[in-house]
Structure formats: structure tokens, C-alpha cells
Amino acid sequence: MLPFIVHDARFNALVFGHALLEKLWTGCRWAEGPAYFPAGRYLVWSDIPNNRMMRFDETDGSVSVFRQPSQSSNGNTRDRQGRLVSCEHGARRVSRTEHDGSITVLADRFEGRRLNSPNDVIVKSDDSIWFSDPTYGIDSNYEGTAAESEIGASNVYRIDGRSGAISCVITDRVKPNGLAFSPDESILYVADTGTTHFPEMPSTISAYTMNADGMPVNPRLFATCPDGLFDGFRGDVHGNIWTSSGRSVFCFAPDDTHIGTIPVGEIVGNVCFGGIARNRLYICGQTSLYSLFLNTTG
Ligand code: MG
């Protein structure tokens, strides 16, 4: 049985009929935030309710605890200098793990008020860091520590790569979540999981145009999730979006067409590309880490 469903012939060029969806490890409560480190050939990801980060060693398949406590970290990414950048629900901050292992706080407040609970993070080619800040880490004691929102809104922020200054760049989402730029960085995709608080709202991904000042403007609806949530996602070199979608991974072509599905069987939180050739899609599915080799690269 194929590990995927083809909805559009374009998907056939991105997958291998003889590749398998591999279940690499299980034992998480809520797996999220995969980030791949090519220099060490390992993947780091978050197990949010267990307050730990895990590491998968690609060379021998072993898994160990990378950091515990992890401040209930959620989204992670690798910056352009190869450093780990993490969203931490517990500390309500975005941090960077330096080459010497020390941790630098990149953002924990905006205009004097504490952030809610940074959720997902990406780095742009100018070294700026973009993160979403919904309330999931302060809504309860399960994914962080329950608290009131000091900001009173869930926004997307940008940390300047040189000055470290923090600016608020998106205020029109209910619960902004996953983020990704198109390959030429002309489009910023933003998931909105506001349906967790407003069930009548669909879970969506919106596409913002990046204007000449580097600001995301004019959002248009890119995709609506038919069942469950779009949480985290990544783009490939062709501009296709590979997104969590309920218990599956959906692939959307740049023209918004849903071209393929990878059924996973657990609620998918996030994905990232890894492997020596960056053609291995790592999938965080609730309790487990999965992967599938693709005929495309991140
Ligand atoms: Mg998320």
C-alpha cells in the first residue's frame, strides 16, 4: 500500500512509490517543533507536556533526551549560523542556544508586556526571526503554565537580525501558529488555529504578500483545513507547502491546489525537512516521530 494519496498528477513527481512512512520513535505526549541539524545529522524536537526536548540521531536511529526541563518548548528551527532557536511556552520567550551551549533570550516581552507563549518560529535570509505568539502555553497547565495574557492579543512578531529589536508584524489572526516563507520570500504563509477557541472558525493558512518594506500585507486565504487543524508546516524548493492537517500531512501546490495527502494516523503537529540531501520529511505526530523520503527538498 502506498504511504500517500495522489489528488493531482503533480504530486507523483514529489514522492516515491516504494518509500515507506517510517515510525522512528514513540513515547511523547505531544510531539512538536522538529528542527534538523545537518552538521550533527540529528533532529531535535519538543515533547511539550513532558517538558523536554528529544534528539533523534540519524546515523544510528537512537533517541535520547536533549534538554529537560525545556520550558515546555514548542516550535524550533535552525538559524543560518546553525544554532537552535526555540519557542518556550514555560518561560514565555524565544531563545537561542549558542555554539557554546549557553542560552540567549531573543524575545520575552513586547512593549514591556510579557509574550503569551511563542509557538512557532522561522528565520529569514536577512537573519530576522519571525514567531507566532498564541495563548496555548498560558491557556492551561498542560502545555505550560496557566496565566492571563498581558498583551491581550495573539500576534506575529519579527526580531531584527542585527539590532534584536522586536516589531509586531501581523495582528489580524485569531491564533497565529505555523509560519513559512515561499522560496523567494515574497510570500509569508501563516496558519490560524483560532478554531480551538471559536469552533465556528475554520482552521486556515493565509498567504501574505511581502511588500517593499519587508512587511507582510494583503492576506489572502490559501487553504482551509477540512478536518482538525493546520498547525506547523514547511515549504519545499518548488514552493509546495507540506502542512500538518488533522491526522495527515497535506501537500499544497503554490497555486493553492491540494495535490497529495500522507495519512499518519495520529494528530500531526509539525514537519521539517532533513537528511543529508534534505529530502527526508520528518513528521511529529502526537506521540511519535515519523519520516518519509520525498523526491523534493526543503
Ligand atoms: Mg504550532
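**A walk from ring to ring**

Let's start with Tyr36, which counts as buried because its relative accessibility is 2%, and buried means under 20% relative accessible area. Keep in mind as you look around that this is a predicted model. Tyr282 is buried as well, with a relative accessible area of 0%.

Why mention these two tyrosines together? Searching the whole structure turns up 14 aromatic pairs, and Tyr36 with Tyr282 is one of them. Their ring centres are 6.2 Å apart and their planes differ by 20 degrees, an arrangement that is called stacked. Now trace the chain between them: Tyr36 belongs to strand 3 (residues 31-37), while Tyr282 belongs to strand 26 (residues 280-285). That puts the two partners 246 residues apart, and the pair links distant parts of the chain.

Next, find Tyr189 and Phe222. Here the planes sit at 65 degrees and the centres are 4.9 Å apart, so this pair is edge-to-face. Tyr189 is found in strand 18 (residues 187-192) and Phe222 in strand 20 (residues 216-224), so their pairing ties together parts 33 residues apart in sequence. Both Tyr189 and Phe222 are buried. They also have company: together with Phe230, Phe250 and Phe252 they make up one aromatic cluster.

Rings can have charged partners too. Look at Tyr42, and you'll see the charged end of Arg55 sitting over its ring, 5.8 Å from the centre. Something similar goes on at Phe181, where Lys124 lies over the face of the ring at 5.9 Å from the ring centre.

Now for the greasy part. How many residues are in the largest nonpolar core? It has 20, and among those with the most contacts inside it are Phe11, Trp242, Val249 and Ile262. Several strands each supply at least two residues of this core, including strand 23 (248-252), strand 24 (258-263) and strand 27 (288-293). Strand 25 gives the most, with 3 residues. Zoom in on Phe11 for a moment: leaving aside neighbours within four places in sequence, its contacts include Trp242, Cys251, Ile259 and Thr261.

That brings us to the cysteines. How many disulfides does a search of the whole structure find? The count is 0. Take Cys251, which is in no disulfide: the nearest cysteine sulfur belongs to Cys225 and is 15 Å away. Cys251 is buried, with a relative accessible area of 1%. What about Cys272? The closest cysteine sulfur, in Cys284, is 7.5 Å from the sulfur of Cys272, which is too far for a bond, because a disulfide needs its two sulfur atoms within 2.5 Å. Cys272 counts as buried too, at 3% relative accessibility.

Last stop: the magnesium ion. Which residues coordinate it? Asn119 and Asn177 each do so through OD1, and Asp231 through OD, at 2.1 to 2.2 Å. Along the sequence, these donor residues follow the spacing N-x57-N-x53-D. Asn177 lies in strand 17 (residues 176-181) and Asp231 in the loop between strand 20 and strand 21 (233-235), so the two tie together parts that are 54 residues apart in sequence. Like the tyrosine we began with, which is buried, Asn177 and Asp231 are both buried.

Methods
Residues are numbered from 1 along each chain as its sequence is written. This is a predicted model: local features need pLDDT of at least 70, side-chain atom pairs count only at pLDDT 80 or more; totals for chains, interfaces and linings use all residues. Side-chain values use heavy atoms; hydrogens and water are left out. Rings of Phe, Tyr and Trp (its six-membered ring) pair if their centres lie within 6.5 Å; planes under 30 degrees apart count as stacked, over 60 as edge-to-face and the rest as tilted. Helices (H or I, at least four residues) and strands (E, at least two) are DSSP runs, numbered from the N terminus. Buried means under 20% relative accessible area, exposed over 50%, partly exposed in between (1.4 Å probe, protein chains only). A charge sits over a ring if NZ of Lys or CZ of Arg is within 6 Å of the ring centre and within 35 degrees of the ring normal. A nonpolar core is a set of buried Ala, Val, Leu, Ile, Met, Phe, Trp, Tyr and Cys residues joined through side-chain atoms within 4.5 Å. Contact means heavy atoms within 4.5 Å. Donors are N, O and S atoms within 2.8 Å of the metal (3.2 Å for Na, K and Ca); water is not among the atoms, so sites may look incomplete.
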